[in-house]
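These are my notebook entries on a protein that I wanted to read from the outside in and back again. I wrote down each thing as I looked it up.

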Amino acid sequence: MRSRSGSVTPTYSTDRDILQSHYPNSRSVSSIAEAKLALSKLAIFDDTTFKRRVPLLTDADWSDFMSSCQDENNPGYYSLELILKKCYTAAYSMPPSPSSQLRTQTSKDSVGSSSPSALAI
């Protein structure tokens, strides 16, 4: 983990190593309760960015979060690797950039602007 301004930022590789040490013979768990237990051992679970972006307060929240983490090779099981990836994606990925068409449309909507277009300069 890296320390930044007094806080510790979790790392994917460290959390993956923790999962592998706690589940050396298995890459999936059979229930949401087991997935909660596995996730609670990881640094990402205590990260404020993750908690802010993924509020897992109710059973319904957990069920929704885990719905896309089903193990393709083991129906009815949850993939620990997919759970870990989803946690880091939710916490640290940037939203997609707006398309150029959307930017163009927005500039057309602001008719009467006193600023010249970017190509006019």
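**Entry 1: a tryptophan to begin with**

Is tryptophan 62 buried or exposed? I looked up its relative accessibility, which is 6%, and because buried means under 20%, tryptophan 62 counts as buried. I note at once that I am working with a predicted model, and I keep this in mind for every entry below.

**Entry 2: the whole chain**

I then stepped back to the overall make-up, and found 6 helices and 4 strands, which follow one another along the sequence in the pattern β-β-α-β-α-α-α-β-α-α. Of the 121 residues in the protein, buried ones make up 26%. I also looked up the accessible surface, which comes to about 8,400 Å², with 53% of it belonging to carbon and sulfur atoms. When I took the contacts with a separation of 6 or more, I found that 56% of them are between residues 24 or more positions apart.

**Entry 3: how far to trust it**

I checked the confidence before going on, and the mean pLDDT of the protein is 83, with 76% of the residues reaching 70 or more. Among the elements, strand 1 (residues 2-4) has the lowest mean, 48, while strand 4 (residues 78-79) has the highest, 96. Where pLDDT is low, the predicted coordinates should not be read in detail.

**Entry 4: rings in pairs**

I wanted to know how the aromatic rings are arranged, and the count came to 4 aromatic pairs. In one of them, tyrosine 12 and tyrosine 88 have ring centres 5.6 Å apart and planes at 80°, so I entered this pair as edge-to-face. Tyrosine 12 belongs to helix 1 (residues 12-22) and tyrosine 88 to helix 5 (residues 80-92), so this pair ties together parts that are 76 residues apart in sequence. I looked up the cover of each partner as well: tyrosine 12 is partly exposed, at 24% relative accessible area, whereas tyrosine 88 is buried, at 10%.

I then returned to the tryptophan of my first entry, whose ring pairs with that of phenylalanine 45: the centres are 6.3 Å apart and the planes at 35°, so this pair is tilted. Phenylalanine 45 lies in the loop between helix 2 (32-40) and helix 3 (48-53), while tryptophan 62 lies in helix 4 (residues 59-66), so the pair ties together parts 17 residues apart in sequence. Phenylalanine 45 is partly exposed, with a relative accessible area of 23%. I also noted that ring pairs link Tyr12, Tyr88 and Tyr92 into a cluster.

**Entry 5: helix 4 and its cover**

Which residues of helix 4 are buried? I found Trp62, Phe65 and Met66. They cover an arc of only 90° around the axis, which puts them on the same side of helix 4. What covers them includes helix 2, helix 3, strand 4 and helix 5.

Phenylalanine 65 has a charge over its ring, since the charged end of lysine 86 sits 4.7 Å from the ring centre. I looked at aspartate 61 too, which is found in helix 4 but is partly exposed, with a relative accessible area of 26%. Not counting residues up to four places away in sequence, aspartate 61 touches Pro55 and Leu56.

**Entry 6: helix 2**

I made the same check on helix 2, where Ala35, Ala38 and Leu39 are buried. They cover an arc of only 95° around the axis, which puts them on the same side of helix 2. These buried residues pack against helix 1, strand 3 (28-29), helix 4 and helix 5.

**Entry 7: a cysteine and a serine**

What is cysteine 87 in contact with, leaving aside its neighbours within four places in sequence? I listed Leu39, Ile44, Phe50 and Phe65, of which I had already met Leu39 in helix 2 and Phe65 in helix 4. Cysteine 87 itself is found in helix 5 and counts as buried, at 0% relative accessibility. The C-alpha atoms of cysteine 87 and phenylalanine 65 are separated by 9.3 Å, although the two residues are 22 apart along the chain.

My last look was at serine 79, which has its place in strand 4 and is buried, with a relative accessible area of 10%. Leaving aside neighbours within four places in sequence, I found serine 79 in contact with Arg27, Ser28, Cys69, Gln70 and Asp71.

Methods. Residues are numbered from 1 along each chain as its sequence is written. This is a predicted model: local features need pLDDT of at least 70, side-chain atom pairs count only at pLDDT 80 or more; totals for chains, interfaces and linings use all residues. Side-chain values use heavy atoms; hydrogens and water are left out. Rings of Phe, Tyr and Trp (its six-membered ring) pair if their centres lie within 6.5 Å; planes under 30 degrees apart count as stacked, over 60 as edge-to-face and the rest as tilted. Helices (H or I, at least four residues) and strands (E, at least two) are DSSP runs, numbered from the N terminus. Buried means under 20% relative accessible area, exposed over 50%, partly exposed in between (1.4 Å probe, protein chains only). A charge sits over a ring if NZ of Lys or CZ of Arg is within 6 Å of the ring centre and within 35 degrees of the ring normal. Contact means heavy atoms within 4.5 Å. pLDDT is the predictor's confidence in each residue, from 0 to 100. Accessible areas come from the Shrake-Rupley method with a 1.4 Å probe; for residues, only the protein chains shown count as cover. The arc is that of the directions from the helix axis to the C-beta atoms.
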